[in-house]
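This report concerns a protein model with a bound ligand. Please consult the sequence and the structure shown below while reading.

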Amino acid sequence: MKTNRSLVSVEDLSTEELMDLFKLSTDMDRDLRSGKRLTEMQGKIMATLFYEPSTRTRLSFESAMRRLGGSVISVADPRSSSAAKGESLADSIRVVSSYSDLIIIRHPLEGAAKLASRFSSVPVINAGDGSGQHPTQTLLDLYTIHREFGRIDDLTITVLGDLKYGRTTHSLLLALARFEVRVNLVSPPILKVPSHILDRVKSSLQMVETDSLESVIEDTDVLYVTRIQKERFADMNEYRSVIGSYSVVRETVDLMKQQSIILHPLPRVDEIDENVDNDKRARYFEQAAYGVPVRMALIHKILE
Ligand code: NCD
């Protein structure tokens, strides 16, 4: 992987680079578990700029950098930063990139990470840009699938939920288009995948769009559940019309193959019942835990 390069879209990574990252993630995971002290990022500084709420993404990035021996500077609440005084994102990025070796940004506007990468003198990683993309979530989603099945090809992946606003699903579909998979897209009719994403994947992916989870659940190897992105709706009546429109409960899981798995980028609201958590197919907490080794591998590849 070329060093000193930004990661704005999953399309910035080749399939070979993905596989390379997975191998390194497994090494990082092993080092973490053995308690080995890593120092390769000593002297390096990562800046996190989160203009939107986050728990897992920010903390796992910060944990990853510290585990590698590097340090982290961060604006805890951008409302307390100069953005509140009217500073443009471009100016903030110009300055922050002079204080750090790597910038992780999350922003409510689609395209913000791309813009940041243009004004930054150091690599920028997109940690979510509005309803756009969330490439590092996809890295750990695919990593989890790869660890569980030993492959990504030849699986049936059902993506359930808010496929319109859910940036994790957009990045996931763009990445899955490289593999030989069957994809079921299950959502309420008003939350289907936007056409600009569908157009990019439809020639390479075998896809079924439906609003019935029951019609595809038995053939599913990976059930990828997502939250309705309440904060993205312009019309709250539209949001209210889809509340509770799908939910994965015990009875749903009973229909699934024994060897299948259930993933969710988290946070969950009510789309997976807590009774499902102790089923052996529920893997969303392991998936979240992989956020650290996968982001360690990514930081290593970008800054090595
Ligand atoms: C996701 C996000 O921010 O897009 N969360 C995450 O990073 N794990 C999913 C969500 O908020 O629903």
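The text below treats the ligand site and then one residue of the protein interior.

**Ligand site**

The model is predicted. In this model, the ligand takes up the space of the largest pocket. The residues around the ligand are T57, R106, H134, Q137, R167, T168, R227, Q229, P265, L266 and P267. Among these surrounding residues, H134, Q137 and Q229 have polar side-chain atoms at the distances from the ligand set out below.

| Residue (side chain) | Ligand atom | Distance |
|---|---|---|
| H134 | oxygen | 2.8 Å |
| Q137 | nitrogen | 3.2 Å |
| Q229 | oxygen | 2.8 Å |

On its own, the ligand has 320 Å² of accessible area, and the protein covers 93% of that area.

**Surroundings of L213**

Where in the chain does L213 lie? L213 belongs to the loop that links β7 (206–210) with β8 (222–225). Is L213 buried or exposed? The relative accessible area of L213 is 8%, and because this value falls under 20%, the residue counts as buried.

Which residues are in contact with L213, once its neighbours within four places in sequence are left aside? These contacts are T158, L160, V186, L223, V248 and T252. One of them, L160, is 53 residues from L213 in sequence, while the C-alpha atoms of the two residues are 7.8 Å apart in space. Another contact of L213 is L223; β8, the strand that follows the loop of L213, spans 222–225.

Terms used. Residues are numbered from 1 along each chain as its sequence is written. This is a predicted model: local features need pLDDT of at least 70, side-chain atom pairs count only at pLDDT 80 or more; totals for chains, interfaces and linings use all residues. Side-chain values use heavy atoms; hydrogens and water are left out. Helices (H or I, at least four residues) and strands (E, at least two) are DSSP runs, numbered from the N terminus. Buried means under 20% relative accessible area, exposed over 50%, partly exposed in between (1.4 Å probe, protein chains only). Contact means heavy atoms within 4.5 Å. A residue is near a molecule or strand if one of its heavy atoms lies within 4 Å of it. A polar contact is a pair of N or O atoms within 3.5 Å; within protein, one must be able to donate a hydrogen and the other to accept it, and residues adjacent in sequence count only if both atoms are side-chain atoms. Accessible areas come from the Shrake-Rupley method with a 1.4 Å probe; for residues, only the protein chains shown count as cover. On a 1 Å grid over the protein atoms alone, a cavity is a set of points where a 1.4 Å probe fits but cannot get out, and a pocket is an open set with protein on both sides within 12 Å along at least five of seven lines; lining residues have an atom within 4 Å of a point. A molecule sits in a cavity or pocket if more than half of its atoms lie within 2 Å of its grid points.
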